[in-house]
Amino acid sequence: MKKYSIILVLGIFISACQNKSQQPIGAVIPILPVIEVQTKDIQGFSSYPVSLEGIVNAEVRAKISGYITNVLVDEGSFVQKGQVLFKLETDALTEDAQAAKANVDVAQVGVDQLEPLVAQKIVSDIQLKAAEAKLTQAKASYKSIVANIDYARIISPVSGYVGRITYRQGSLVNPTNPQPITIVSNTNEVFGYFAMNEADYIDFLQKSQGKTLAEKMKNFPAVQLKMSNGDMYQHEGKIQTVTAQVDPSTGTVSFRAIFPNPEHLLANGSSGTIVIPKIYSQAILLPAEATFELQGKVYVYQVTADNTVHQKIIEVADKIGSVYVVKSGIEPGTKLVAQGIGKLRQNDKISPVPQSIDSLINSLKPVFK
């Protein structure tokens, strides 16, 4: 019985030694780079799909019914406000105008004949008033027909570029057509419409300077645009408006940015990606290779005073290139294994080699402040 007790105690001792370190006795202690956690300012970016529209998109529609006889512009043409774009057939209107002008002349003759008779009190002034009313009605009818003839000249409501022409020569158009004849867009500047999810919107509010939403919008840094071909647009934009309401159907908040477009490289209806700067002040940064994931959680190996490593869970706020922005889990001054963590286990011993964190994240040096 005494013999078995000795064996049991010895087994407990050996087990305790194994829990303290999983490295075999006599194993070579790995030499690994170790960094000391520091805080820095870093700028990252958030990206959102964006749709682009000219600052003015004016629909061109017919004010009267008629067949298009002349198309005076082509798609993509620049036109001035008031320029004639289309002409409608006016033969019937011209005939109506001639008849209406004749009615005016007849009514005018009737008034001219009655005026001296009324002055001489030969006829009642009631007859004159009736004749004058008839003349007024004839003039209104003639004026309306003349206006319709003028409406047969369809003009551009704004200066800008002509879009797709929906109806061409020979087409019957009227004010109730489901589609406009064309759209004229002013693209000297373009609006960029995009949406943030609710979490990003709250983050936007918390990190933007200012007390009110208007102040935050004013102080928000310039944004960039990645065009559909992957190139970055050369002009920066500015966020102008935000709905400040979460759309219950999508869970997003709508924003509008504006970009200058002097070269007219951006067209109405284009798409792209808006790139919004995200600045982290005095954030804890780690190279991604100093971490590993297990069951959906991110771990690091913390190095203690006796050069033993211990697994520690961290929470990541963002990933910028090859660098993690740490939200919680470690504090400045903590020493961590920077590389070669793939073969380490809990409570292993290492031979640390101090290394600068900057040397491990060279690719992000330009964004540090």
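Tutor: Before we start, a cut-off: buried means under 20% relative accessible area, exposed means over 50%, and partly exposed is in between. Keep in mind too that this is a predicted model.

Student: Okay, let's try that on N186. Is it buried or exposed?
Tutor: N186 sits in strand β9, which covers residues 182-197. Its relative accessible area is 18%. Since the cut-off for burial is under 20%, N186 counts as buried.

Student: Which residues from elsewhere in the sequence is N186 in contact with?
Tutor: Here we set aside the neighbours within four places in sequence. What remains for N186 is G54, I55, V56, S159 and G160.

Student: And which residue's backbone nitrogen does the N186 side chain reach?
Tutor: For this one, stay close by in the sequence and look for a backbone nitrogen 3.0 Å from the side chain of N186. The residue that supplies the nitrogen is N188.

Student: How far apart in space are N186 and T252?
Tutor: T252 belongs to strand β12, while N186 is in strand β9. They are 66 residues apart in sequence. From C-alpha to C-alpha, the separation is 28 Å.

Student: While we're at T252, which residue's side chain is joined to it by a polar contact?
Tutor: Leave out the residues up to four places away and T252 touches A195, M196, N197, Q245, V246 and D247. The polar contact you're after has a length of 2.7 Å and runs from side chain to side chain. The partner of T252 is T250.

Student: Over to N268. Where is it found?
Tutor: Two strands flank it: β12 at 252-260 and β13 at 271-287. N268 falls in the loop between β12 and β13.

Student: What accessibility class does N268 get?
Tutor: The relative accessibility of N268 is 34%. As the in-between class lies above the buried range and below the exposed one, N268 counts as partly exposed.

Student: What separates the C-alpha atoms of N268 and G54?
Tutor: Along the chain, the two are 214 residues apart. Yet G54 is among the residues that N268 touches, along with L52, E53, N57, S185 and T187. There is also a polar atom of the N268 side chain 3.0 Å from the backbone nitrogen of G54. The C-alpha separation of N268 and G54 is 5.2 Å.

Student: Which residue's side chain makes a polar contact with the side chain of N268?
Tutor: This pair is side chain to side chain, at 3.3 Å. The partner also shows up in the list of residues that N268 touches. It's N57.

Student: Now the helices. Why are α2 and α3 described as they are, and how do they run relative to each other?
Tutor: Two packed helices are described by the angle between their axes and the distance between the axes. For α2 (residues 91-119) and α3 (residues 125-151), the axes are 8 Å apart and the angle is about 160°. Angles over 145 degrees fall in the antiparallel class, so α2 and α3 are roughly antiparallel.

Student: How many nonpolar residues does the contact of α2 with α3 have?
Tutor: The crossing of α2 past α3 is left-handed. By class, the contact has five polar and seven charged residues, and the nonpolar count is 15.

Student: Is L93 buried or exposed?
Tutor: L93 lies in helix α2. Apart from its close sequence neighbours, it is in contact with I64, I145, N148 and I149. The relative accessibility of L93 is 16%, so it counts as buried.

Student: What about K121, which sits between those helices in sequence: what is its phi near?
Tutor: K121 is in the loop between α2 and α3. With a relative accessibility of 74%, K121 counts as exposed. Its phi is positive, in a residue other than glycine, and lies near 60°.

Student: What about N307: what is its phi?
Tutor: N307 lies in the loop between β15 and β16. It is partly exposed, at 28% relative accessible area. Though N307 is not a glycine, its phi is positive, at about 65°.

Student: Last one: which residue's side chain makes a polar contact with the side chain of S46?
Tutor: S46 is in strand β2, and at 12% relative accessibility it counts as buried. Beyond its sequence neighbours, its contacts include I274, V275 and I276. The polar contact spans 3.1 Å, and the partner is K278.

Terms used
Residues are numbered from 1 along each chain as its sequence is written. This is a predicted model: local features need pLDDT of at least 70, side-chain atom pairs count only at pLDDT 80 or more; totals for chains, interfaces and linings use all residues. Side-chain values use heavy atoms; hydrogens and water are left out. Helices (H or I, at least four residues) and strands (E, at least two) are DSSP runs, numbered from the N terminus. Buried means under 20% relative accessible area, exposed over 50%, partly exposed in between (1.4 Å probe, protein chains only). A polar contact is a pair of N or O atoms within 3.5 Å; within protein, one must be able to donate a hydrogen and the other to accept it, and residues adjacent in sequence count only if both atoms are side-chain atoms. Contact means heavy atoms within 4.5 Å. Axes are lines fitted to C-alpha atoms, for helices over the stretch in contact, and angles run from 0 to 180 degrees between N-to-C directions. Angles under 35 degrees count as roughly parallel, over 145 as roughly antiparallel, 65 to 115 as roughly perpendicular and the rest as oblique. A crossing is left-handed if the near helix is turned anticlockwise from the far one by less than a right angle, and right-handed if clockwise. Ala, Val, Leu, Ile, Met, Phe, Trp, Tyr, Cys and Pro count as nonpolar, Asp, Glu, Lys and Arg as charged, and the others, Gly among them, as polar.
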